[in-house]
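I opened my notebook to look up how this chain is put together. Here are my entries, in the order I made them.

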Amino acid sequence: GAGVLSCLCARAGASVLSVDASLDALELAGAIAKANGLAGDIRHLHGRASSSGLAGGGGLACDVLVGERLLGDVRYGPALLDFLAARQRHLRFDGCVLRLRPLW
């Protein structure tokens, strides 16, 4: 998620790049970050996480990719495929993937 999940990562000290295909979600994520005093710690980008355009054509060399709602429901199949492509394109060789389960 581009909102609360990004804030939790930033609060833990991570350099956060939040990516979402929805402009509405990014607007909300920015408001959440601002309300939590983290607006300067999170970069919000519009697009798909798997896009090669995020880093000028190359990978982002991320240490950690965090995703939610990827495996529990077949309705999220496209999101899972996008996340797997992002992992292949942007995660460092020794990086890790964290899959968070929703609380509800």
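Entry 1, strand pairing. Before looking, I noted my rule: two strands pair if DSSP finds at least two bridges between them. I also noted that this is a predicted model. I then looked up strand β1 (residues 16-20) and strand β2 (residues 42-46), and found that they pair in the parallel sense over five bridges. Taking one residue as a marker, I found that Leu-17 has Arg-43 in β2 as its bridge partner. From β1 the chain passes through helix α2 (residues 23-35) to reach β2, and I logged this β-α-β crossover as right-handed.

Entry 2, the overall layout. I counted three helices and four strands in the protein. Reading along the sequence, I wrote down the pattern α-β-α-β-β-α-β. Of the contacts between residues at least 6 apart in sequence, 71% join residues at least 24 apart. The protein has 104 residues, and buried ones make up 24% of them. I noted an exposed area of about 6,900 Å², with 56% of it supplied by carbon and sulfur atoms.

Entry 3, charged pairs. How many salt bridges does the structure hold? I found one. It joins Asp-63 to Arg-92, with the closest N and O atoms 2.7 Å apart. This pair links distant parts of the chain: Asp-63 sits in strand β3 (residues 62-68) and Arg-92 in strand β4 (residues 91-100), 29 residues apart. As a reminder to myself, side chains of opposite charge can pair when their charged atoms come close. Are the two partners buried or exposed? Neither label fits Asp-63, because its relative accessibility of 47% makes it partly exposed. Arg-92 is partly exposed too, because its relative accessible area is 38%.

Entry 4, cysteines. I looked for disulfides and the structure holds zero. I then checked the accessibility of some cysteines. Cys-62 has a relative accessible area of 18%, so I filed it as buried, the cut-off being under 20%. Cys-96, with a relative accessible area of 35%, went down as partly exposed. Cys-9 also counts as partly exposed, because its relative accessibility is 22%.

Entry 5, a closer look at Cys-9. I placed Cys-9 in helix α1 (residues 4-11). Which residues does Cys-9 touch, not counting those up to four places away in sequence? I listed Ala-14, Val-16 and Val-66. I also checked Ile-42, which is 33 residues from Cys-9 along the chain, and the two C-alpha atoms are separated by 9.2 Å.

Entry 6, the rest of α1. I looked up the buried residues of α1 and noted Leu-5, Ser-6, Cys-7 and Ala-10. After α1 comes Gly-13, where I read a positive phi, near 105°.

Notes:
Residues are numbered from 1 along each chain as its sequence is written. This is a predicted model: local features need pLDDT of at least 70, side-chain atom pairs count only at pLDDT 80 or more; totals for chains, interfaces and linings use all residues. Side-chain values use heavy atoms; hydrogens and water are left out. A salt bridge is a side-chain nitrogen of Lys or Arg within 4 Å of a carboxyl oxygen of Asp or Glu. Helices (H or I, at least four residues) and strands (E, at least two) are DSSP runs, numbered from the N terminus. Buried means under 20% relative accessible area, exposed over 50%, partly exposed in between (1.4 Å probe, protein chains only). A disulfide is a pair of cysteine sulfur atoms within 2.5 Å. Contact means heavy atoms within 4.5 Å. Accessible areas come from the Shrake-Rupley method with a 1.4 Å probe; for residues, only the protein chains shown count as cover. A crossover is right-handed if, with the strands pointing away from the viewer, the path from the first strand over the helix to the second runs clockwise.
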